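Please keep the model open while you read this note. Each point can be checked by eye.

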Amino acid sequence: MCLSIPAKVESIEGEMALVSVGGAKYNASLQMLDDVKVGDYILLHTGFAIQKLDEEEALESLKTFKEFEELNREMDEEEKKSA
Amino acid sequence: MKHIDEYRDRELVDRLVGQIRKVSKKPVSFMEVCGGHTMSIQKFGIPSLLPDNIRLISGPGCPVCVSDRKFIDQAIAYSRLENVIITTYGDLIRVPGSTSTLDQEKANGADIRIVYSVLDALQIAKVNRAKKVIFLGIGFETTAPSSAAGVMKAQMAGIRNFYLFSSHKVMPPAMEALIDEGVNLNGYLAPGHVSTITGTSIYENIPSKYGLGVVVSGFEPVDLLHSILMLVTQIENNDPKVEIQYTRVVKPEGNIKAQQFLDEVFYLGDDWWRGLGVLPKSGMKVKTEYETFDAEKQVPVEVEPTREDKGCICGDILKGIKNPKDCKLFAKACTPQNPVGACMVSHEGSCHAYYRYNRE
Ligand code: SF4
């Protein structure tokens, strides 16, 4: 839960944004950041944008995040099978 | 995309490892206090790259794990009340309390809902005005600002049936307590995303009062190795200080707006930590100005006496004095499917990370 995911801002309405992580879309509150624009990358944590990222940083962290996710999913399935 | 691969670059990894071997002479132990670091270190097998004189140990960096059993027991007690809806992050529901888990209570009919954000909990409160909606607030400085924002929003929108049960914690008191307790440590790898919010001033005591270095690290193998190199360099030069390795994301001053949210809603009070007991000024408690949203003040409940598990050494693991593999139950009676202790429940817990990435 403590992991923060890099996400791209797709649209903004008031203090809320629609952001995408890979293909998945999430709502993100922009209350904690100033001057966020469509197209920016942010660090998403429990529904809040907590930091702006540059694109390179975002893509690179996304890769780590996805690897963890995939590995965890695989292992969950393995464990379910063996349980 | 050249940049991305740089953080995984074999050659760069080798160069850093070579540099570490060259600089590092003294035997040292470094502790990481971030669940994300624990996962990365185990997954990328960082310890196997390091010379024998450098030891890495995991500390109290997993929010689910450090939440004390008393907190879980109280959450379970809330869930048994009439007209209460519990909202929580997913990991928490499988953590064993003294006699039950939230998961079991849910199976017995309690209204417990997993949410992704405090904003979802507010939404549930809005459409269930006749019920008390309690949000279980766990996590460190990274997560706590969102709970604060939730409380402020509840006030602004007049959502009076929303309550925060805060177990939010600040990291530095635990880092200092471990040194005070005499855990054998020579430096800290500080959490990247906590520091995104707080900045680096919160760690200043550690070099100035205790003479230990602190390096705020990123999560890639190259980040972690670079941070370790920075720590051994400090040690060999006898120059402990707070440094940021993860400069791409962490600013020295942190996120001021998020800090304002914290100051607005919380004050620091004594709090229970699994393994560490009560630490002064380590917990974020709801200020009296917002007490109408404080579950502890507004929702009276009787909590069963805490019973500690026999066999689970999660507390000692969080203190860095034992390793998951020292536990007799590890990977036998205790697995992610059937966790005995909190450290096996959360993906960020040490037992879970060892189980996933370093079982043999
Ligand atoms: S392996 Fe399970 S029982 Fe042993 S310390 Fe870890 S969580 Fe506790």
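The points below go through the two chains and the ligand in turn.

1. Status. This is a predicted model. Treat each value here as computed from that model.

2. Chain A, layout. Chain A has 1 helix and 5 strands. Follow the sequence and the order is β-β-β-β-β-α. The helix therefore closes the pattern, with the strands before it.

3. Chain A, burial and surface. Chain A has 83 residues, and 51% of them count as buried. Its accessible surface is about 4,100 Å². Carbon and sulfur atoms hold 48% of that surface. Now take the contacts between residues at least 6 apart in sequence: 37% of them join residues at least 24 apart.

4. The ligand site. Where does the ligand sit? The ligand is in the second largest cavity. Chain B supplies the residues around the ligand, among them B:Cys312, B:Cys314, B:Cys327, B:Cys334 and B:Cys351. B:Ile313, B:Leu329, B:Phe330 and B:Met344 are also in this list. By class, the shell has 11 nonpolar residues, 1 polar residue and no charged ones. The polar one is B:Gly341, because glycine is counted with the polar class here.

5. Helix H10 of chain B. This helix covers residues 172–180. Is it mostly covered or mostly open? Mostly covered: 7 of its 9 residues are buried. The buried ones include B:Pro172, B:Met175, B:Glu176 and B:Leu178. What lies over them includes strands E1 (28–32), E7 (187–190), E10 (266–273) and E11 (277–286), along with helix H12 (205–210). Just after H10(B) comes B:Gly182, with a positive phi of about 90°.

6. B:Gly199. Look in the loop between helix H11 (192–198) and H12 of chain B. B:Gly199 is buried, at 0% relative accessibility. Its C-alpha is 3.6 Å from that of B:Gly254, yet the two are 55 residues apart in sequence. B:Gly199 also contacts B:Lys251, B:Pro252, B:Glu253 and B:Gln259, leaving aside neighbours within four places in sequence.

7. B:Ser79. This residue belongs to helix H6 (residues 69–79) of chain B. Why does it count as buried? Its relative accessible area is 5%, and the cut-off for buried is under 20%. Beyond residues up to four places away in sequence, B:Ser79 touches B:Ile86, B:Leu102, B:Glu105, B:Ala110 and B:Ile112.

8. Two positive phi values. Most residues other than glycine have a negative phi. B:Asn83 has a positive phi, near 60°. B:Asn83 sits in the loop between H6 and strand E3 (84–88) of chain B. B:Asn83 is partly exposed, with a relative accessible area of 46%. B:Ala331 also has a positive phi, of about 65°. Its loop runs between helix H16 (314–318) and helix H17 (342–345) of chain B. B:Ala331 is partly exposed, at 31% relative accessibility. Please look at both residues in the model.

9. B:Asn358. This residue lies in the segment after helix H18 (350–357) of chain B. B:Asn358 is partly exposed, at 24% relative accessibility. Which residues does B:Asn358 contact, apart from its neighbours within four places in sequence? They are B:Gln42, B:Lys325 and B:Ala353. B:Leu276 is 82 residues away in sequence, and its C-alpha is 26 Å from that of B:Asn358.

Note on methods:
Residues are numbered from 1 along each chain as its sequence is written. Chains are lettered from A and ligands numbered from 1 in the order in which they are written. This is a predicted model: local features need pLDDT of at least 70, side-chain atom pairs count only at pLDDT 80 or more; totals for chains, interfaces and linings use all residues. Side-chain values use heavy atoms; hydrogens and water are left out. A residue is near a molecule or strand if one of its heavy atoms lies within 4 Å of it. On a 1 Å grid over the protein atoms alone, a cavity is a set of points where a 1.4 Å probe fits but cannot get out, and a pocket is an open set with protein on both sides within 12 Å along at least five of seven lines; lining residues have an atom within 4 Å of a point. A molecule sits in a cavity or pocket if more than half of its atoms lie within 2 Å of its grid points. Helices (H or I, at least four residues) and strands (E, at least two) are DSSP runs, numbered from the N terminus. Buried means under 20% relative accessible area, exposed over 50%, partly exposed in between (1.4 Å probe, protein chains only). Contact means heavy atoms within 4.5 Å. Accessible areas come from the Shrake-Rupley method with a 1.4 Å probe; for residues, only the protein chains shown count as cover.
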